[in-house]
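Student: I should like to learn how to read the features of a structural model. Where might we begin?

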Amino acid sequence: MIEKQVPILRLGNFQQGTPRQQTDFSEKLFEALQRFGFVIIREHGIPSTILERSYELVTDLFAQPDNIKQRYRTPDGHRGYTPFGTEKAKDSDTPDLKEFWHIGPERAVRSHLNTKNVWPDRPFGFQETLSELFTCLHRVGEDLLKALTHQLGVTPDFFANRIAEGDSVLRLLHYPPVSEGSNPKALRAAAHEDINLITILVAAQGAGLELLDRDGTWLPIENAPGDLIVDTGDMMARLTNEVLPSTTHRVVNPKGPNVSRYSMPFFMHLDADTPLTCLPSCVGDGQKHPTITAGAYLLQRLEENGVIAEPSAV
């Protein structure tokens, strides 16, 4: 019988556990990402009050009129507001049914894109709360990446040294109720793989997230409030020569009440000049992808997704 449930792990076992608990967590994390490309994380240390307040603010943010939100749009979409119907999945000709807002680190980063955050005047407390959430998610990401280093045959600080100036992004997503006039082919988020190293998704308000399992079937991801859902992106797949693959996933349209869905994924990125060359422990029969820097790969994918017009323009 093939296991069809995304594993649930407790990060506290790695953060404060015994050496045996830490090793056990690392092994199970690696196995989960190999098998599913996804894992559910609990006991991650982020206070529930921050998660709940963040979702309240995100709901208020997107409830504002379009003309207000448009004030915070930036040319490359890498910060601030991106309107409904802008982004599409790679190789898709149908835009997704979503709008979103990007927040990056306030510190200096290495990037070919705009890295100055855009903060709205309303709702009150938005900048403070979402900045705190960004910091918390980045800390969790550092711990998860450190937990993978032993199985990948690299030093414990391997990833820490390569994300120190990375342009990680917190995306605040709103999927409005699906209107009757919507393109019948359009999904809230069409099938895609994430671009980055790992994604940490704060458990969404509303169902719909599904992953494409290894047997070709779509598997709904079930989680509890306060969980973090983690998946590997294309940059990790390239570094590990597909040992840790980037798993296709999507957000389907509501099957029950046609209401808004809110989601907060955190995309962890490498420094822009980091070469995506497969690790020595993962070479196997040879490197499967040509080497490209993390920054150049990001620009290439953003162009394919319709977020920026052409990489040379930013």
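Tutor: We may begin with the largest pocket, bearing in mind that the model is predicted. A pocket is an open set of grid points with protein on both sides. Here the largest pocket has a volume of about 350 Å³.

Student: How many residues line the largest pocket, and which lie nearest its centre?

Tutor: A residue counts as lining when it has an atom within 4 Å of a point. By that criterion 22 residues line the largest pocket, and Gly206, Ala207, Gly208, Leu209 and Arg261 lie nearest its centre.

Student: Which strands each supply at least two residues of this lining?

Tutor: Strand 7 (198-205) and strand 8 (209-212) do so. The protein chain as a whole has eight helices and twelve strands.

Student: What is the make-up of the lining by class?

Tutor: Eleven of the lining residues of the largest pocket are nonpolar, six are polar and five are charged.

Student: Turning to the whole chain, what does its radius of gyration agree with?

Tutor: For 314 residues, a compact globule would have a radius of gyration near 20 Å; the protein chain has 19 Å, so the value agrees with that expectation. Along the principal axes, its C-alpha atoms fill a box of roughly 50 × 45 × 40 Å.

Student: What percentage of the residues is buried, and what share of the contacts with a separation of 6 or more joins residues 24 or more positions apart?

Tutor: Buried means under 20% relative accessible area. Such residues make up 53% of the 314 in the protein chain. Of the contacts with a separation of 6 or more, 78% are between residues 24 or more positions apart.

How values were computed. Residues numbered from 1 in each chain as written. Predicted model: local features only at pLDDT ≥ 70, side-chain atom pairs only at ≥ 80, totals over all residues. Heavy atoms only, no water. 1 Å grid on protein atoms, 1.4 Å probe; cavity = no way out; pocket = protein on both sides within 12 Å on 5 of 7 lines; lining within 4 Å. Points joined across faces, edges and corners; volume = space filled by probe spheres on them. Helix = DSSP H or I, 4+ residues; strand = E, 2+ residues; numbered from the N terminus. Nonpolar A, V, L, I, M, F, W, Y, C, P; charged D, E, K, R; others polar. Rg over C-alpha atoms; globule rule 2.2 N^0.38 Å. Buried < 20%, exposed > 50% of the residue type's maximum accessible area, 1.4 Å probe, protein only. Contact = heavy atoms within 4.5 Å.
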